[in-house]
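Reader: Could you take me through one helix pair in close-up, who touches whom and how the two are set against each other?

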Amino acid sequence: MKKRNQGPNTSLVHPEFKAPDGFSAFPTAIHHASTVLFKDVASMRSRSWHNKSAYTYGLHGTPTSFTLEGQLAAIEGGQHCVLAPSGLAAITLVSMTFLRSGDDVLIPDNAYGPNKELGEWLKQSFGISVRYYAPMVGAGISELIQTNTKLIWVEAPGSVSMEVPDLRAICEAAHAKNVVVALDNTWSAGIALKPFEFGVDVSMQALTKYQSGGSDVLMGAVITRDTELNNRILTTHMRLGLGVGMDDVYLVLRGLQTMKLRFDAHDSSARKIAAWLKQRPEISKVLHPAWEDCPGHEFWKRDFTGAGGLFSVIFSEDIPEAMTDRFVNSLELFKIGFSWGGTHSLCVPYRIEKMRENWSQKGILVRFNIGLEDTDDLIADIEQALTKMREA
Ligand SMILES: *Cc1c(COP(=O)(O)O)cnc(C)c1O
């Protein structure tokens, strides 16, 4: 079969062997590509990278990433999904799509920290007005909307202080003035909150969390229902060149299959641990949306069907930071580290008053991410660390 006159290098890059068709198995195949091949010039010219019925170039996706995008859109009740190399890249993608010099954006004061950091950059280097609003503003957001306001970010709940906003009221006020609403929906994984039912225009996910589930991959997604909005996002995605690696996409596809089971397990364990903490004298508030201590608890009850594994507590006022640091250092199963949604439990103390424009509550805030360990073991770990905290 070997063609005459072809040198060994040509044979190596143009192999004769073709694997037979008809292979079938559960995993989505990992299609790597920068170059995508066209059968002839006419098909090359006829394809548009905006259109997912065909392939054009690795940046715009392969069957592997299209499959993940389709699944993520379906989970949230959306129509379109664009992947980005991290959750933060997905946030940047949204802000860069809807904002230009002279525009105004409203970001909740309890937003994911790097979203506010991006806001500072937009303000300083891009001539965009960036204002941080009180997360419980509700319908009052209407008064903050200016004629140049183009985008309102919402986070439900805020991922450190856990206030649950009145999403319906914010969407209603925004739409009355033609402003796009983008939700950072990472906390609910799209499982416990269906954002498009409440009027959200753009849902953003850090797939790094529950979707991957393994603390081993960074990825983000931007999901929409509206084709025109999606096309604008796709254009920015191309201009910024936010490609993702297909091995990482595969990891997320793999994690996704067990996501609902894991999410429910995180949720039930976290609620038991929050309830246990609630009756401890060292803890003054449990900032878990399913508890009345948590601002916006009523909106969580109205809009959400679950809670996941992330919540915070506020220690009682008379416990200084040195003691809460000792508590965190004394934990054994809980590790110290950012992020959440993986199998392992984590615990992080925050200097919340430095993160917020107006934070008047006394007491140290500590955030727990409840992993998939046995609940009783996690409670025992917290109990021994509370004892050590009081000793020294
Ligand atoms: C983690 C996280 C992000 C960013 O995701 P990365 O993939 O780590 O960049 C954004 N928003 C929220 C609420 C997050 O928890």
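Author: Sure, let's start with the contact itself. Ser 269, Lys 272, Ile 273, Trp 276 and Leu 277 in helix 10 meet Thr 375, Leu 378, Ile 379, Ile 382, Glu 383 and Leu 386 in helix 14, where contact means heavy atoms within 4.5 Å and helices are DSSP runs of H or I with at least four residues, numbered from the N terminus. By type, that makes seven nonpolar, two polar and two charged residues (Ala, Val, Leu, Ile, Met, Phe, Trp, Tyr, Cys and Pro count as nonpolar, Asp, Glu, Lys and Arg as charged, and the others, Gly among them, as polar).

Keep in mind that this is a predicted model, with local features needing pLDDT of at least 70, side-chain atom pairs counted only at pLDDT 80 or more, and totals for chains, interfaces and linings using all residues. Numbering runs from 1 along each chain as its sequence is written, and side-chain values use heavy atoms, leaving out hydrogens and water.

Now the geometry. Helix 10 spans residues 259–278 and helix 14 residues 375–390; their axes come within 10 Å and cross at roughly 30° (axes are lines fitted to C-alpha atoms, for helices over the stretch in contact, and angles run from 0 to 180 degrees between N-to-C directions). Helix 10 and helix 14 are therefore roughly parallel, a label for angles under 35 degrees. The crossing of helix 10 and helix 14 is right-handed, that is, the near helix is turned clockwise from the far one by less than a right angle.

Definitions and conventions:
Helix = DSSP H or I, 4+ residues; strand = E, 2+ residues; numbered from the N terminus. Parallel < 35°, antiparallel > 145°, perpendicular 65-115°, else oblique.
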